[in-house]
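Colleague: Could you walk me through this model and tell me what stands behind the labels you use?
Modeller: Gladly, let us put it up first.

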Amino acid sequence: MPRFALLIVLALGALVLAACADRGSAADAIEAYLKAKIEADADRLVALSCPAWEAQALADAASFKSVRAELEDMACRAGGEDGEYTLVTCSGELIIHYGGEEPRRQPLGGTTYRALNDGGEWKMCGEVE
């Protein structure tokens, strides 16, 4: 009987851990948003955004529809709070190819993003101005 009780306790512990499993982080949400942005994936951008940012997410998708872009050496990390938001900064570069022009390189380090944990899911909620 003790072996059976141990198995039950272990099974319950595994269920509790699975229920509490990390659904990503604020930094993961911002990385996912930036990846969807360069793919001009409007549906994914809206899904990754809090309601107040959804209109901007659609604008972000539209702005990348006619260009080819890539993220180079992107790494994001949480680094503070602003009220209910977690602040996230990223390093690396956004490289945008416009037709036959030389690619334009934008450092990601110049922007701080706001992320919000909305019901257990991290969402993009804007940029700090």
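Below, we take the labels one at a time.

Modeller: One caution to begin with: this is a predicted model, in which local features need pLDDT of at least 70, side-chain atom pairs count only at pLDDT 80 or more, and totals for chains, interfaces and linings use all residues. Residues are numbered from 1 along each chain as its sequence is written, and side-chain values use heavy atoms, with hydrogens and water left out.

Colleague: Thanks! How many helices and strands does the protein chain have, and what makes a run count as one?
Modeller: There are four helices and five strands. Both are DSSP runs numbered from the N terminus: H or I with at least four residues for a helix, E with at least two for a strand. Along the sequence the pattern reads α-α-α-α-β-β-β-β-β.

Colleague: What makes Cys50 and Cys125 a disulfide?
Modeller: The definition asks for a pair of cysteine sulfur atoms within 2.5 Å. Cys50 and Cys125 have an S to S distance of 2.2 Å, so the pair meets that definition. This pair links distant parts of the chain: Cys50 sits in the loop between α3 (42-47) and α4 (54-63), Cys125 lies in strand β5 (residues 121-127), and they are 75 residues apart.

Colleague: Why are Cys50 and Cys125 called buried?
Modeller: Buried means under 20% relative accessible area, exposed means over 50%, and partly exposed is in between, using a 1.4 Å probe and protein chains only. Cys50 is at 6% relative accessibility, so Cys50 counts as buried. Cys125 is at 9%, so Cys125 counts as buried too.

Colleague: The structure holds two disulfides; how do you know that the one of Cys76 and Cys90 is right-handed?
Modeller: The torsion about the S-S bond of Cys76 and Cys90 is about 100°, so this disulfide is right-handed. Here Cys76 belongs to strand β1 (residues 68-82) and Cys90 to strand β2 (residues 85-97), 14 residues apart. Their sulfur atoms are 2.0 Å apart, and both Cys76 and Cys90 are buried. With the bonded cysteines numbered in sequence order, the pairing is 1-4, 2-3.

Colleague: What makes a set of residues a nonpolar core, and which residues have the most contacts inside the largest one?
Modeller: A nonpolar core is a set of buried Ala, Val, Leu, Ile, Met, Phe, Trp, Tyr and Cys residues joined through side-chain atoms within 4.5 Å. The largest has 29 residues, and those with the most contacts inside it are Ile30, Phe64, Cys76, Val88 and Cys90. Its largest share, seven residues, comes from α2. In soluble globular proteins, nonpolar side chains tend to be buried together.

Colleague: What makes you call α2 mostly covered?
Modeller: Of its 13 residues, 10 are buried. Among them are Ala27, Ile30, Glu31 and Leu34. Those four are also among the residues touched by Cys76, not counting residues up to four places away in sequence; a contact means heavy atoms within 4.5 Å.

Colleague: How do you know that the span of α2 is close to the expected one?
Modeller: The expected span is 1.5 Å times one less than the number of residues. For α2 that gives 18 Å, and α2 reaches 19 Å from its first C-alpha to its last.

Colleague: Why is Asp82 called partly exposed, and what makes its link to Arg114 a polar contact?
Modeller: Asp82 is at 33% relative accessibility, so Asp82 counts as partly exposed. A polar contact is a pair of N or O atoms within 3.5 Å; within protein, one must be able to donate a hydrogen and the other to accept it, and residues adjacent in sequence count only if both atoms are side-chain atoms. The side chains of Asp82 and Arg114 are joined at 3.2 Å, and these residues are 32 apart along the chain.

Colleague: Last one: how do you know that β4 and β5 pair?
Modeller: Two strands pair if DSSP finds at least two bridges between them. β4 and β5 have five bridges, in the antiparallel sense, so they pass. In their hairpin, which has two residues between the strands, Gly119 takes a positive phi near 65°.
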